[in-house]
Amino acid sequence: MSKEKFQVLMPLFVSALIKKIIEQKNVSANEAFSSLYNSKLYILLDDEQTKVWHYSTEKLYHLFEEEMNTGNFDFPEC
């Protein structure tokens, strides 16, 4: 995917994940953004070459939750 296209789509991925975090954890938008933006997952999600953005919102949330609970996460087997 081109860098320009990824930059257009990235906010959509983040928005869906933020919404899921707010719903599941019952936190404010600010708390959800802060948690996500300070996570290892976000660093990988923000890098188009990792292809983490291919995962569904559900899978991304699961990885986020795993990182919040354990400090790390494992990528699912393909």
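The points below concern a predicted model and take up its first helix, its nonpolar core, one buried serine and its aromatic pairs.

1. Helix α1 covers residues 3-25, and its length is consistent with its residue count: at 1.5 Å a residue, the 23 residues should span 33 Å, and the end C-alpha atoms are 32 Å apart, which agrees. The helix nevertheless carries a kink of about 30° at L9, shortly before the proline P11. After α1 comes N26, which has a positive phi, near 55°.

2. The buried residues of α1 are F6, M10, F13, V14, L17, I18, K20 and I21, a list in which a lysine stands beside nonpolar residues. Their cover includes α2 (29-37), α3 (40-45) and α4 (57-70).

3. The largest nonpolar core has 19 residues, and those touching the most other members are M10, V14, L17, I21, L36, L41 and L45. Two or more residues are given to this core by each of α1, α2, α3 and α4, with α1 supplying the largest share, seven residues. L17 may serve as an example: residues up to four places away in sequence not being counted, L17 touches L36, L41, L45, T57, L60 and Y61.

4. S39, in the loop between α2 and α3, deserves a separate look. With a relative accessible area of 1%, S39 falls under the 20% cut-off and therefore counts as buried. Its side chain reaches the backbone nitrogen of Y42 at 3.0 Å, while S39 is also in contact with E67 and M68, its neighbours within four places in sequence being left aside.

5. The aromatic pairs number four. In one of them, the ring centres of F33 and Y37 are 5.5 Å apart and the planes stand at 45°, so the pair is tilted. Both residues belong to helix α2 and are four residues apart, about one turn of the helix. F33, at 31% relative accessible area, is partly exposed, and Y37, at 40% relative accessibility, is likewise counted as partly exposed.

6. Y61 and F64 form another tilted aromatic pair, at 6.3 Å centre to centre and with 40° between the planes. These two residues both lie in helix α4, three residues apart, which is again about one turn. Here both partners are buried, Y61 with a relative accessible area of 11% and F64 with one of 1%.

7. A last remark concerns the grouping of rings: F33 and Y37 form one aromatic cluster together with Y42, the residue whose backbone nitrogen is reached by the side chain of S39.

How values were computed:
Residues numbered from 1 in each chain as written. Predicted model: local features only at pLDDT ≥ 70, side-chain atom pairs only at ≥ 80, totals over all residues. Heavy atoms only, no water. Expected span 1.5 Å × (residues − 1). Bend = angle between axes of the 7 residues up to and from the residue. Buried < 20%, exposed > 50% of the residue type's maximum accessible area, 1.4 Å probe, protein only. Contact = heavy atoms within 4.5 Å. Core = buried A, V, L, I, M, F, W, Y, C linked by side-chain atoms within 4.5 Å. Polar contact = N/O pair within 3.5 Å; in protein donor to acceptor, adjacent residues only side chain to side chain. Phe/Tyr/Trp six-rings, centres within 6.5 Å; stacked < 30°, edge-to-face > 60°.
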